[in-house]
Amino acid sequence: MQPSKVGSLLASETSLQPVIEKARLINALSKLCFDFLPPGLARLVRAITFNSRLTDRQLVLLAASPAAAAKLKLLSEALLTYLLQHGAQVNSVSVRVQPGAGPDNVTAARQSRRLSRTALNSLQALHRQLPDSPARTALKNLLDHQLAPAKAGAEKN
């Protein structure tokens, strides 16, 4: 693969070489992290910096949510071991949280789940049998929520 014009220009500028090397290092460490982490977690994490002081070579990872950060912190020792086994010169892994840092803000994306027709029929039968109570009201709200979009979609057609 031929280097791009921008790549050639950057490679020829000697003052940018330390920055380019650091970017390549972060990219390589990021790929190793992606290979190690479960796919669902990997898409919520990215490497943002690598501090290479003499005493501490710290990889800083950015998590898209507090839950992803907590899981990542649990895996950080195993991740560090994995990085070392693959030749990375890292002494520690630090995790920071920045909501919305993941691709397309996956923390905000939620899919609506639909109950099957059999489940809806069973819940409707249960609703008819229950006496007036908070449980019956909650079940009615669930059924209304499940049936409303289907009715709206049927009316449009």
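Among contacts in the protein between residues at least 6 apart in sequence, what percentage join residues at least 24 apart? The figure is 57%. Keep that in mind while moving through this predicted model.

**Whole chain**

Start with the whole protein in a cartoon view. There are 6 helices and 3 strands to find. Followed along the sequence, they come in the order α-α-α-β-β-α-β-α-α. Of the 157 residues, 28% count as buried.

**Two helices that cross**

Next, select residues 17-36, which form helix α2, and residues 66-85, which form helix α4. Their axes come within 10 Å of each other and cross at roughly 120 degrees. The two helices are therefore oblique to each other. The crossing of α2 past α4 is right-handed.

Now show side chains where the two helices meet. On the α2 side, select L29, L32, C33, D35 and F36. On the α4 side, select L75, A78, L79, Y82 and L83. Sorted by class, this contact has 9 nonpolar residues, 1 charged residue and no polar ones.

**The largest nonpolar core**

Keep α4 on screen and turn to the largest nonpolar core, which has 26 residues. Select L29, L59, L61, L72, L79, L83 and V90: these touch the most other members of the core. At least two core residues come from each of these elements: α2, α3 (39-42), β1 (45-52), β2 (57-63), α4 and β3 (92-97). Colour these elements separately to see where the core draws its residues from. Which element supplies the largest share of this core? That is α4, with 7 residues.

**One residue of the core: L79**

Zoom in on L79, one of the residues that touch the most other core members and also part of the meeting of α4 with α2. Setting aside neighbours within four places in sequence, which residues is L79 in contact with? Select C33, F36, L61, L72 and V93 to show them. Two of these partners, C33 and F36, belong to α2.

**A histidine in helix α5**

Leave the core selection and go to residues 117-129, which make up helix α5. Select H127 within this helix. Is H127 buried or exposed? Its relative accessibility is 13%, and the cut-off for buried is under 20%, so H127 counts as buried. To see what lies against H127, add R136, L139, K140 and L143 to the selection. H127 touches each of these four residues, leaving out residues up to four places away in sequence. The tour ends here.

Key
Residues numbered from 1 in each chain as written. Predicted model: local features only at pLDDT ≥ 70, side-chain atom pairs only at ≥ 80, totals over all residues. Heavy atoms only, no water. Axes fitted to C-alpha atoms, helices over the stretch in contact; angles between N-to-C directions. Helix = DSSP H or I, 4+ residues; strand = E, 2+ residues; numbered from the N terminus. Parallel < 35°, antiparallel > 145°, perpendicular 65-115°, else oblique. Left-handed = near helix turned anticlockwise from the far one by under 90°. Contact = heavy atoms within 4.5 Å. Nonpolar A, V, L, I, M, F, W, Y, C, P; charged D, E, K, R; others polar. Core = buried A, V, L, I, M, F, W, Y, C linked by side-chain atoms within 4.5 Å. Buried < 20%, exposed > 50% of the residue type's maximum accessible area, 1.4 Å probe, protein only.
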